Amino acid sequence: MKENSIEIETLKKVNCPLDVIAHVEAVTKLALDIGMTVKVVEVDMETLRLGAMYHDIGRSQTHGIAHGVEGVRIARGLGFDEKVLYIIERHIGSGLTMDEARALGLPPKDYLPETVEEKIVAYADNLVVGVKVVTFEEALGRFKRRLGSQNPAVFRFINLHEEIYSWMKL
Ligand SMILES: [Fe+2]
């Protein structure tokens, strides 16, 4: 049986586009590579795998910023574990503050990744453009061009990078 085949079937059932499925497979591979490299903190590898595979399940409905919230709704309906729901909800960018969420028209609350698994998925997602893994510097450049170099989301991405790298050193 192909790796991640159950999750791929589920994504197909909810009409997730094939390019999105290819993307989440690439994100999952990178997230698991990061998870295996981390030494300082405990990583729940199965939650990490499921969260990475399902983080974009909401793209079956919308590619807009609401795909996180939409993804939670779909995933809850499928009976997914709460840990996976939070990974889906908090993967947009490097997370969103309540003010940012409100300004974007999302239900106002914090969408900042908190657990190790939430942080790794959000981070890995930023390093995978389509199915291609890019360097942190490339991903940071994309963030800056899109949002402006002084945007708080840029600093949040840098902090996320530094935090995850700090977990890899003993
Ligand atoms: Fe996404």
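Q: Helix 3 and helix 7 (residues 116-127) pack at an angle of about 40 degrees, their axes 9 Å apart; why are the two called oblique to each other?
A: Angles under 35 degrees count as roughly parallel, over 145 as roughly antiparallel, 65 to 115 as roughly perpendicular, and the rest as oblique. With about 40 degrees between them, helix 3 and helix 7 are therefore oblique. The axes are lines fitted to C-alpha atoms over the stretch in contact, and angles run from 0 to 180 degrees between N-to-C directions. One caveat up front: this is a predicted model, where local features need pLDDT of at least 70 and side-chain atom pairs count only at pLDDT 80 or more, while totals for chains, interfaces and linings use all residues. Residues are numbered from 1 along each chain as its sequence is written.

Q: Which hand does the crossing of helix 3 and helix 7 have, and which residues make the contact?
A: The crossing is right-handed, meaning the near helix is turned clockwise from the far one by less than a right angle (anticlockwise would be left-handed). Helix 3 brings Thr47, Leu48, Gly51 and Ala52 to the contact, and helix 7 brings Glu117, Ile120, Val121 and Ala124. Being in contact takes C-beta atoms, placed from the backbone, within 7 Å of each other.

Q: Why are helix 2 (residues 18-37) and helix 3 described as roughly antiparallel?
A: Their angle is about 155 degrees, with the axes 8 Å apart. Set against the antiparallel cut-off above, helix 2 and helix 3 are therefore roughly antiparallel. This crossing is right-handed, and the residues in contact include Val24, Val27 and Ala31 of helix 2 and Met45, Leu48 and Ala52 of helix 3.

Q: Which residues of helix 4 (residues 67-77) are buried, and why can they be said to line one face?
A: They are His67, Gly68, Gly71, Val72 and Ala75. A residue is buried if 20 or more other C-beta atoms lie within 10 Å of its own, exposed if 12 or fewer, and partly exposed in between. Down the axis of helix 4, these buried residues fall within an arc of 140 degrees, so they line one face; the arc is that of directions from the helix axis to the C-beta atoms. Helix 3 (45-54) and helix 5 (82-89) are among what covers them.

Q: What makes Asn4 partly exposed and Asn15 exposed?
A: Asn4 has 18 other C-beta atoms within 10 Å, so it lands in the middle class. Asn15 has 9, so it counts as exposed. Each has a positive phi of about 65 degrees without being a glycine: Asn4 in the segment before helix 1 (5-13), and Asn15 in the loop between helix 1 and helix 2.

Q: How do you know that Pro107 is exposed?
A: Count its neighbours: 11 other C-beta atoms within 10 Å, so it passes as exposed. Pro107 sits in the loop between helix 6 (98-103) and helix 7.

Q: How many helices and strands does the chain have, and why is it called as compact as a globular protein?
A: It has 9 helices and 2 strands, taken as DSSP runs (H or I, at least four residues; E, at least two) numbered from the N terminus. Its radius of gyration is 15 Å, close to the 15 Å from the globule rule for 170 residues, so it is as compact as a globular protein of that length. That radius is taken over C-alpha atoms, and the rule is 2.2 Å times the number of residues to the power 0.38.

Key:
Two residues are in contact if their C-beta atoms, placed from the backbone, lie within 7 Å.
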